[in-house]
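Dear colleague,

I am passing on a structure for you to look at, and my notes follow below it. Please keep it open while you read.

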Amino acid sequence: LNELFRVLRPGGRLVIADGFLKRPGPMGPLLRRIFERIYRFWALETFADLGAFTAALEQAGFRDVRVQEISYRIDPSVALVTVVTALWIWDELVIKREPLRAKSREHVWASLLAPLAGMARRRFGYYFISATKPE
């Protein structure tokens, strides 16, 4: 965030659209396992904590930090992920008759688990976050 602040022109606006954890802390065993698999398969340490991220924006010098949850607005796209993933698997395995490489299998699993993580609305959400570099 410090580097983004440095290269953004004064008065410029940073906009991020991504998934964030709404609150830190322990998860139930099933949800924890879903998130751990997504992290491993997509090579993530974790999803960023929303509160810590917005605080870090302000600490880096950004002002007018705005947060808008758009989880329900992206639901149709997330639902489509499972369809697209199934079509891709069909194409690879049936049409091309090629086995899935290990990394492809992991990405498929993460893509199929992501909608489950998104249903944990008290824990996870998808957001537009914007902030301005002061003039």
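How much area does the chain expose, and what percentage of it do carbon and sulfur atoms supply? The exposed area is about 8900 Å², with 60% supplied by carbon and sulfur atoms, where areas come from the Shrake-Rupley method with a 1.4 Å probe and, for residues, only the protein chains shown count as cover.

Please bear in mind that this is a predicted model, in which local features need pLDDT of at least 70 and side-chain atom pairs count only at pLDDT 80 or more, while totals for chains, interfaces and linings use all residues. Residues are numbered from 1 along each chain as its sequence is written, and side-chain values use heavy atoms, with hydrogens and water left out.

The chain holds five helices and three strands, arranged along the sequence as α-β-α-α-β-α-α-β; these are DSSP runs, numbered from the N terminus (helices H or I, at least four residues; strands E, at least two). Of its 135 residues, 33% are buried, meaning under 20% relative accessible area with a 1.4 Å probe, protein chains only.

Helix H2, residues 29-41, has 13 residues. Its buried residues are Leu-31, Ile-34, Phe-35, Ile-38, Tyr-39 and Phe-41. In an α-helix there are 3.6 residues a turn, so residues three or four places apart point the same way. Among the elements that cover the buried residues of H2 are strand E1 (13-21), helix H5 (102-118) and strand E3 (124-132), with contact meaning heavy atoms within 4.5 Å. After H2 comes Ala-43, which has a positive phi, near 55°.

Best wishes

Definitions and conventions:
Buried means under 20% relative accessible area, exposed over 50%, partly exposed in between (1.4 Å probe, protein chains only). The expected span of a helix is 1.5 Å times one less than its number of residues.
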